[in-house]
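Here is a short guided look at some local features of a protein chain. Keep the viewer open and follow along as each part comes up.

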Amino acid sequence: MTPRHFKGTAVLLLLAAVLVFTSAPWFGDAWTSEYTYAYEPAASGVAGSLVSTNPIEAGVSAPSAPTPSPSAGSKTTEPNTVMQPDEQTLSKRVTEYHIDVKLDESGRKLNGDMIVSWTNPGRKPVSEMYWHLYPNAFQSTKTSFMRESGGKLREDNATANSFGSMSITSLITEQGDSLLPRLHYVQPDDGNPDDQTLAKLRLQTPVQPNKSITLKISFEVQLPEVFARMGYSNNFVMAGQWFPKLAVYETAGTRGRAAEGWNAHQYHGNSEFYSDFGIYSVNIHVPERYIVAATGFQTKPIQTSGSYKSYQFYADDVHDFAWAASPDFVYEEDSLSAPGIPGVRIKLYLDPLHANLKDRYLHAAKSALVKYAQWYGQYPYSTLSIIVPPKGGNGAGGMEYPTLVTAFAAEDDNPGYSLERTVVHEIGHQYWYGMVASNEFEEAWLDEGFTSYAEDKVMETEYGVVPNLALESSYMTDPAPLKQLSWSYQSHDHYAENVYMRAKLVLVGIEKLVGDKTMQKIMRTYFQKYKFNHPSTADFERVVEQVTKSKWSDYFRQYVYGNQMADFEVESIDVHTVRQPDDTVQYESVVQVRRLGGSYGPIPVKFRFTDGTTITRSWNGTESTMQFKFVHATPLDWAAVDPQNTNVLDNRHFNNYLKAELPEQTEARWSLGAAKLLDSLISALGW
């Protein structure tokens, strides 16, 4: 039993035991989740480096005669279609990378040469630069990433071979001056001297506003055995965050920033990534038997020299570049054109174990692209690559990069909806991570929560898989503010529960209050306004207020900036007889309901009398307590707050229901639904 399965079973058993004594009878089968929630993989990955023997090309040149495209849906040995860059510019292209990288298969290394240009987007001269050296997270057990993660990401554990590193061997200016002595490791987040994932470079001459600097860098990366986003698994290689990458220089006003400056953080156990948009031209050299998948598209046919072959890839208006290689990839391709999708080549790199599942992967990809384009806006890129890692390589699975995603590894030859859900989720990241490009160091919920929300919509509309939001909200036993540093959460589980699940519930909560149509307008407006612009939580709040024409500061204060959930309970029921003027006897029932968490309304409250009469009242949910009084021919049987679970932020449903009178031996809240759940769990675990 994997740690994930063990935890899930333990949580469900504990939940069932509590619910047996606490929940309401009409919950019934609603407590049986219709899918198993899996913690979503984080954004981009870790990276490596290599020293190439081929010169770095200064630009992208198309071959005189492009190779023909394979027919849609046909199986080919590997793709070899040449494409041209689009003249349209979608983003502020702050960076431009030209990289030449070679895979040393025997040494499990990458050797790279890079020419990078950076344009100062601010209004002040810049005299220093910050570089992310992500592979150094795996140098030792003393790095910040390893200390915080314990050598584990999701259920994937580091092995004895999961050590890797990056070293910059040369750093020179266009004039040939070496700047390597000026490069120093810094640890602004935790002061850990054993962490070398961030470096500061002091420049000889400041870069003036709107001016550029170009540097030539050689680097080497020792690949770890994959457990956290990058590395190798047998002959499979995942190169994510594999090159020295510039941090983001935020201008004044970006994400509410008062003064311009660098936004640079170390690589932490829970942290993801944040980069500027730019251009990437990457020449990849691999042993001849390998097939390469990468961000963007080929601008030259594959070329072979000796025992190696070379791929030239290009991508623009993206903030990262990733690639993978394996001799075992089974390649499939199809094309898609739809409203908001001018034409996309879907490139599928399958593990042989999942070769027969190609139609499921392609259907999931097309469904996601069509829906996201319909709901939010155009997918502007010409390619989308999907990689299925081999068994044992799941550390690289479930990841997102610009125009490239990874599914979970082919561990099972007959996976359930987890196959579709993972593909749908990762493609959702093309919008909230890829184009909107939130700061995942500091506001990860703007990517993960939004993607989880969008994923559920696709799974419901395309596959009929409806999330059990009441069950998911019950997992929120330790809610925390959503807008905080990723490494401020207590653990990876704590991070995932809040940044993925609770963040999604906060968005669903808005939807419940404003309606589906208005929520679609909010999400689309936010995407259209802030694509390619690095927005903040405050920017999203402003969009909500602009679309709804109302203030949302209380909601965001409680559920986004604060750690509230919206918990309501039936506190007490008092029933006594009342003699009427005509000498008849009736019953006065007084019900006290209480708000124990954040305000959220309106909240329905339902009352049922012993003669079968039911009455429903609406409570605005803002007062700390509310009293309801009824005079009726029969006594009140029970009262329930929010019986249909419309309040998705209520994480303690056990107190929503109370009977007016119970036999002494069972004076506790009881849920037939919880009892049925416990019975189902015992049956399921009977093995």
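## Aromatic pairs

In this predicted model, Y376 is buried, because its relative accessible area of 3% is under 20%. Its ring partner is W432: the two form an edge-to-face aromatic pair, with 5.0 Å from centre to centre and 70° between the planes. W432 counts as buried too, at 0% relative accessibility. The pair links distant parts of the chain, 56 residues apart. Y376 belongs to the loop between helix 3 (358–375) and strand 24 (383–387), whereas W432 is in helix 4 (residues 418–435).

How many aromatic pairs does a search of the whole structure find? The total is 54. Among them is the pair of W242 and F243, which is edge-to-face, with 5.1 Å between the centres and 75° between the planes. W242 is buried at 0% relative accessibility, and F243 is buried with a relative accessible area of 1%.

## Charges over rings

Now turn to two places where a charged side chain meets a ring. The charged end of K102 sits over the ring of Y308, 4.4 Å from the ring centre. The charged end of R108 is placed over the ring of Y232, at 3.9 Å from its centre.

R108 is also worth a look for its backbone. It takes a positive phi near 55° in the hairpin of strand 2 and strand 3, where four residues lie between the strands.

## Strands 2, 3 and 10

Strand 2 (residues 95–104) and strand 3 (residues 109–119) run antiparallel and are joined by ten bridges. To find the register, look for V101, which stands opposite G112 in strand 3.

Strand 3 also pairs with strand 10 (residues 212–222), again in the antiparallel sense, over eleven bridges. Here D113 has S218 of strand 10 as its bridge partner.

## A three-stranded open sheet

Further along, three strands form an open sheet in the order 27-28-31, with antiparallel pairing. Which strands stand at the edges? They are strand 27 (568–579) and strand 31 (625–632); each has a single partner strand, so one side of each is left without a neighbour in the sheet. On average, neighbouring strands of this sheet are turned by 15° against each other, direction ignored.

Strand 27 is joined to strand 28 (residues 585–595) by eleven bridges, and the two run antiparallel. V578 stands opposite Q586 in strand 28.

## Two crossing helices

The axes of helix 7 (residues 492–514) and helix 8 (residues 516–530) come within 7 Å and cross at roughly 130°. That angle falls between 115 and 145 degrees, so helix 7 and helix 8 are oblique to each other. The crossing of helix 7 past helix 8 is right-handed.

## Backbone details in loops

Two residues other than glycine deserve a check of their phi angles. R229 has a phi near 80°, a positive value, and lies in the loop between strand 10 and strand 11 (231–233). Is K549 buried or exposed? K549 is exposed, with a relative accessible area of 73%, whereas R229 is buried at 1%. K549 has a positive phi of about 55° and is found in the loop between helix 9 (537–548) and helix 10 (553–559).

Finally, a cis peptide bond joins G601 and P602, with omega about 0°. P602 is in the loop between strand 28 and strand 29 (603–609).

Technical notes
Residues are numbered from 1 along each chain as its sequence is written. Side-chain values use heavy atoms; hydrogens and water are left out. Two strands pair if DSSP finds at least two bridges between them. Axes are lines fitted to C-alpha atoms, for helices over the stretch in contact, and angles run from 0 to 180 degrees between N-to-C directions. Rings of Phe, Tyr and Trp (its six-membered ring) pair if their centres lie within 6.5 Å; planes under 30 degrees apart count as stacked, over 60 as edge-to-face and the rest as tilted. Buried means under 20% relative accessible area, exposed over 50%, partly exposed in between (1.4 Å probe, protein chains only). A charge sits over a ring if NZ of Lys or CZ of Arg is within 6 Å of the ring centre and within 35 degrees of the ring normal. Angles under 35 degrees count as roughly parallel, over 145 as roughly antiparallel, 65 to 115 as roughly perpendicular and the rest as oblique. A crossing is left-handed if the near helix is turned anticlockwise from the far one by less than a right angle, and right-handed if clockwise.
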